[in-house]
Every structure is written in C-alpha cells, then in structure tokens.
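Q: I would like to take a close look at a single part of this model and then see how the rest is arranged around that starting point. Please go slowly, since I am still learning to read structures.

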Amino acid sequence: MEELAYIPSPSRGVIHLGPIPLRGYAFCIIIGVFVAVWLGNKRWIARGGRAGTVADIAVWAVPFGLVGGRLYHVITDYELYFSSGRDWVDAFKVWQGGLGIWGAIALGAVGAWIGCRRRGIPLPAYADAIAPGIAFAQAIGRWGNWFNQELYGRETHVPWALHITSSEGGRIPGYYHPTFLYESLWCIGVGFLVIWADRRFKLGHGRAFALYVAAYCVGRGWIEYMRVDDAHHILGLRLNDWTAMIVFLLAVLYMVLSAKKRPGRETVVEPGVSDGEGVSDGAADGVSEAVEAKATEASGDEAEAEAEDDADDEAKDQDEAEAKDEAKDEAKDEAKDEVKDEAGSGSKKS
C-alpha cells in the first residue's frame, strides 16, 4: 500500500562533478565539523580564550576522531569486511558510511589532548567549549545516513515514515521509522540543553562536556532499540545499547565527583592571553562595567578622604579659634587685676 505521506529517500547519494564524486555523506560530515568549530570558537572566546585556538586544536582532534569512528565501526561490525566473500579493502571506504560516535569521541579526545598540551591549555575547558557544537555536528552528520539510505528503524505507517527504495546490501524497500531524523532532532535538543545549563550553572572543568555525553546516551539508548540493521547482541540488547548505558553512568559519575573536587569554572582557560584579547562583546562589556565600578569606588574613596581632611582642618581651625578666645580672656583678666592692684596702691598712698 502506497503511503499518503512519507519522507522520500534521495535517488542517489553522490553526484559527479566531472571525474570528482561529491558525496552527500561526506558533505554532512564536513558541514558538521565547520559548525562545531565555529560555535566552539565563539564559546572559547567568551570564556577568555584566544580566537583561532579551537580551530588549531581541531586540526588534531578531527583526523583522530574520523580514524576512531571508523575503527569502532570496523571492529564492532568486522564481519562486513573480513568474513567470507567480503573485500577487506572496503574497511577504508569511509564515504560509504560507517562511523561509530563512541570511537570518534574517544580517539578525537586523544587528538584534542595533544593539541591542548602543545598550547598549555586544560583539556576539560576546551571540551566544555566545544560540547554543544559536537552535538549540533552530530545532528547534521546524521543526514548523511539519509543520503545512504541506512540506519533506519522498524517498519511503520506514520506520516513521517522514511521510504527506502534501495535493495542494495540486503535492504528491503518499504516504509520505516526515520531513526536518523530522531537522532538528529535529539542531538539538537542536547546542544541547546548544554548551552542553557552552562549559562545557568556556570559549568566548568569538563562538566558541560559530561552533560552532553550523558544526555546523548539517553537518546541513543531508545533510538538504538528501534533500529533493525544487523548488530551484535549481548543478553538480548544491542552492543550500542550497552555502550550507551556504561558511558552514561561514567559521565554522571564524573559530573558528581568533579563538582565536589573542583566546583565553579576555570578562571583562566588559555595562558598568555593579554587583557581584552579574544574577549567577546558581552565579556568586554562586563570588563568595562567592572572597571567603571572600580573607578567609581575609587572616586568615592577619594571623596571620603577629602571630606575627612576637610573635617580635620575645620576641627583645627575651631581649636585655634578657641585657643585665641581663651588667650584674650586671660589677657583681659590680667588687665583687670593690674587695674585693681594699681587702684589699691593709689588709695594707700592717699
């Protein structure tokens, strides 16, 4: 039965510009990386870092992440490349799809650590800055699965069902849950959640990144349960479900322990940044307000000091005036005494 409403699949996931193939999957990954770096750069500057630092470290993190993502996929789905009748060379064909986010984050963190270490930057602070950008990058990257007609869920007749038309790789044409869309929307929500929580609670020392990881794992758990592509199962659950649960617990544990050991947020995220360099407009306004407040406070102190000096001067003048008055009174008394003495002497003589 033909559905009245559904999400169509692209007729092909690649177009050729002469001899150069342009693949939708690759474009989604590239656009996602640019979004993550752009947003991460803005957040890094707002935290007091230097513009361009996020991109410099991404030069290390992105290649490591791509390798890690591919390794995780190949290792967990090795039968797709090394079983009988398969060509092991296909393991290197990243453009055909197959990147595991768990491996991408794990090995990408190693690359980021190398880049941060070379610049003397704490990795947790860098991770906090790029966390929401990674979530948005995942949201964009998931549309690469749409171009490849892969990673869909169970059959369904909902109006937003995904229409699979390809029969390659054992696919059966039909209407399925668009799990790529579910995960894309979930990642967008995770990105905004991290931004809100970071502003509200001033997360630091890697806790914003841990929140991203924990929130993503929650969504990945129920989305993974809906998928029907081949996967290894342990005790009835898909391998990625177990991975999501374990990583979720580790992320939550890190947030709890980190909040107790290092509360608050880093005051310095990048050594050697001069005053005002790499500071966003909002941060610059805050600095200006602080300077003005200090100046006002200093002016108030000066005015108070001047007032105290004036009071001291007035007191001195008053003391001097009183002293003069006392001296005059004494002089008058002495003059009167002298007059009396002279009068007494005159009466005696007469």
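Q: In which loop is Phe-92 found?

A: This is a predicted model, and in it Phe-92 is found in the loop between α3, which covers residues 79-82, and α4, which covers residues 101-119. With a relative accessible area of 58%, Phe-92 counts as exposed, because that value is over the 50% cut-off. Phe-92 also belongs to a nonpolar surface patch of about 580 Å², which is made together with Tyr-78, Phe-82, Trp-88 and Val-89.

Other residues give a contrast to this exposed side chain. Cys-116 is buried, with a relative accessible area of 1%, and Cys-28 is also counted as buried, at 8% relative accessibility. The count of disulfides comes to 0; in general, a disulfide is a covalent bond between the sulfur atoms of two cysteines.

Turning to helix α5, one finds that 16 of its 19 residues are buried, so that the helix is mostly covered. This helix, residues 123-141, has a kink of about 45 degrees at Ile-130, shortly before the proline Pro-132.

The strands complete this description. An open sheet of 3 strands has the order β1-β4-β5, with mixed pairing, and its edge strands, β1 (7-8) and β5 (174-176), each pair on one side only. Strand β4, residues 162-164, pairs with β5 in the antiparallel sense over 3 bridges, and Leu-162 stands opposite Tyr-176 in β5.

Methods
Residues numbered from 1 in each chain as written. Predicted model: local features only at pLDDT ≥ 70, side-chain atom pairs only at ≥ 80, totals over all residues. Heavy atoms only, no water. Pairing = 2+ DSSP bridges. Helix = DSSP H or I, 4+ residues; strand = E, 2+ residues; numbered from the N terminus. Bend = angle between axes of the 7 residues up to and from the residue. Buried < 20%, exposed > 50% of the residue type's maximum accessible area, 1.4 Å probe, protein only. Patch = residues over 30% accessible without salt bridge, like charges linked within 9 Å, V, L, I, M, F, W, Y side chains within 5 Å. Areas by Shrake-Rupley, 256 points an atom, 1.4 Å probe, with all protein chains shown as cover. Salt bridge = Lys/Arg side-chain N within 4 Å of Asp/Glu carboxyl O. Disulfide = S-S within 2.5 Å.
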